[in-house]
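Let's take a walk through this model together, one region at a time. Keep the structure open beside you as you read.

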Amino acid sequence: MNRKAGEGSLSVMPARRARLVAILASLWILLVMVLGAGWVALVMSQARQISALQALTGSADTQVAAQWDSTRRRIVGESVVFLLLLLAVTALLAWLYWRESRRARGMQAFFAAVTHELRTPLTSIRLQAEAIAEGEQRAELARRLLEDSSRLESQIEKTLELARIEGGGPLAEQSVPLQGWLERSVSAIAAGHGGRVAARVQVEEDLPPVLADATALQMIVRNLVENSARHAGLPCVQVSLAARRVGAEAVLEYRDDGQGTDAQGRELGRLFGRGAASGGSGVGLYLVRALMVRMGGSADFSSAPGQGFKALLRFQCSREEPAA
Amino acid sequence: MSAAAQLLVVEDDRNVGATLVERLRDAGYRVTLAESAARARAAWRSQAPQLVLLDVGLPDGNGFELAAELRAAVPQSALVFLTAHGNPDQRVRGLELGADDYVTKPFHFRELLLRIQNCLKRAQDLAELPGEMRGVVRIGRARVDFERFSAEAGGQVHALTHKECAVLRLLASRVGKAVSRDEILDRAWSADEFPTSRTVDNFIVRLRRLVEPGPGEPQVIRSIRGVGYLLTEVTRE
């Protein structure tokens, strides 16, 4: 079969758009400068004519000269202000363009990551389903199907929650007792990972309830456990959660015994930051931090090669009695 | 034969990797799974697989970089990228690195199987050299060994990809005659691939770097305007 090679580059649009923006911006600045210069020239010319007329009508030379000086100073002052405003507007437009470009790049990276995170479990589901359709009947295939469905569900939930939080969606102010609640949540989340996560939970006995949105708190814990399961590099990762009171706050310390990473703390919670590891959409830890801040607390992450991953979550203690 | 071919699957996703291995074994292949770049290196050193299915995103490295290492270490292996990164730039990059095919996730297993069979067949065709191409031949300043997929030029040995070998062999088999670009595409690329003119030109540019004696006007692989390319000299050593 004879085929012709495709013509041209496959990704010319961004370059074209950038060139177009640069040309339009240059034209705009040129136009404003020409108009500004024309305006200055026109006003100066009119001022000269007024001075000449005043001279003709018999005004004294000194009076005409003073009038002319005053007019010239005012025009120079106005021109300087005009130019400064022009520069400020240009700088503002450049900054807005830079910010929008950065945001667009971030969104592009996010969609690439989310696409990857959705396509991989979809591939697995399709392979499993095709095997079953061709007569294979094994519990292992069904287990993988369920696991992949959970991964898809989790990714979709994270994406929706990110959109909600970034859009300023509200969080409930609830009084959540970590005693009991944390152990139940973590056990359920760990069970969903099919024996690949072993969890230990310890909550100080007299720890007061924390001020939090219970659904958001559930997502925070799930994201941390998923992060460990994905990046630990172990067949079974041990995670521990210890909650205690420190001053007026409640502190939840989360640790895993995984391989760790050399990424810095800020880098770990950066939106769409995916580090050296291939997996993940760069949303999980960002959501943990964003949700903690929205609940009036904070989240700090740290990790080092061979030393696992650690998260320190600080909550406000609730003064109310826990919700029934 | 292809049914008993040795395959290496480099895939970090546990479920995708395990299911692929099971299904490829059911299809009659001998299959090894490597879940990281480090394990892939160890596997191809010990087994010299006939075909490698390579994921681009790996926990300890990038599949594109790994592909370059694979090409240098086991040049006779066919290479198929298997990845969720389906954008055209990455596809072009993969094919320029010498991949024989680029499959985007999610895919149908039957389709993957067909692509594997095609790649193995092309690799086998490349391995079957006509008598005049055996041993070392001199093309321009390079000493080319088609059996080892290598070329020595300027005191350095370069690994040739399957496509570079296919293009060079086609030109060498018609030395002194122009070969059309369409014919080059048909012989070196499969019907499922859609290389851009940039891809083809890049192959020729790379080959010229190897064989041309100087950076000026090409003397060994000449462009024939409106037709394609012409190789001017091949001598047996």
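**A sheet, a patch and some charged pairs**

A good place to begin is A:A243, whose bridge partner in strand 5 of chain A is A:L252. Please keep in mind that this is a predicted model. Zooming out from that pair, strand 4 (residues 237-246) and strand 5 (residues 249-256) of chain A run antiparallel and are joined by 8 bridges. Both strands belong to an open sheet of 5 strands in chain A, with mixed pairing and the order 2-4-5-7-6. At its edges you will find strand 2 (197-203) and strand 6 (298-303) of chain A, each of which pairs on one side only. From one strand to the next, the twist averages 15 degrees.

Now look at the helices that lie across these strands. Helix 4 (residues 178-191) of chain A lies across strand 2, strand 4 and strand 5 of that chain, and runs at about 175 degrees to strand 2. Helix 7 (residues 284-294) of chain A lies across strand 6 and strand 7 (309-316), at about 150 degrees to strand 6 of chain A.

Next, move toward the start of chain A. Which helices each supply at least two residues of the nonpolar patch? They are helix 1 (13-56) and helix 2 (61-133) of chain A. The largest share, 8 residues, comes from helix 2. The patch covers about 970 Å² of surface, and its residues include A:W28, A:I29, A:M33, A:F82 and A:W98. Take A:W98 as an example: this residue sits in helix 2 of chain A. A:W98 counts as partly exposed because its relative accessible area is 45%, which falls between the 20% and 50% cut-offs.

Let's turn to chain B. Its secondary structure comes to 8 helices and 15 strands. Of its 237 residues, 53% count as buried. Among contacts in chain B between residues at least 6 apart in sequence, 60% join residues at least 24 apart. Chain B exposes about 9,900 Å², with carbon and sulfur atoms supplying 49% of that area.

The last stop is the charged pairs. Side chains of opposite charge can pair when their charged atoms come close. Over all chains, the count comes to 27 salt bridges. One of them is formed by A:R151 and B:D13, with the closest N and O atoms 2.4 Å apart. Because A:R151 lies in helix 3 (residues 139-166) of chain A and B:D13 in the loop between strand 1 (6-10) and helix 1 (14-26) of chain B, this pair joins two chains. Is each partner buried or partly exposed? A:R151 is partly exposed at 24% relative accessibility, whereas B:D13 is buried at 11%. Both chains also contribute to a network of salt bridges that links A:E140, A:R143, A:R144, A:E147, A:R196 and B:E22.

Within chain B, the side chains of B:D100 and B:R71 meet in a salt bridge (3.3 Å, N to O). This pair links distant parts of the chain, 29 residues apart: B:D100 is in the loop between helix 4 (88-96) and strand 7 (101-104), and B:R71 is in helix 3 (residues 63-73) of chain B. B:D100 is buried at 3% relative accessibility, and B:R71 is buried at 3%.

B:D101 forms a salt bridge with B:R115, the closest N and O atoms being 2.9 Å apart. Here strand 7 of chain B holds B:D101 and helix 5 (residues 109-127) holds B:R115, 14 residues apart. B:D101 is buried at 2% relative accessible area, and B:R115 counts as buried at 12%.

Technical notes
Residues numbered from 1 in each chain as written. Chains lettered and ligands numbered in written order. Predicted model: local features only at pLDDT ≥ 70, side-chain atom pairs only at ≥ 80, totals over all residues. Heavy atoms only, no water. Patch = residues over 30% accessible without salt bridge, like charges linked within 9 Å, V, L, I, M, F, W, Y side chains within 5 Å. Areas by Shrake-Rupley, 256 points an atom, 1.4 Å probe, with all protein chains shown as cover. Salt bridge = Lys/Arg side-chain N within 4 Å of Asp/Glu carboxyl O. Helix = DSSP H or I, 4+ residues; strand = E, 2+ residues; numbered from the N terminus. Buried < 20%, exposed > 50% of the residue type's maximum accessible area, 1.4 Å probe, protein only. Contact = heavy atoms within 4.5 Å. Pairing = 2+ DSSP bridges. Axes fitted to C-alpha atoms, helices over the stretch in contact; angles between N-to-C directions.
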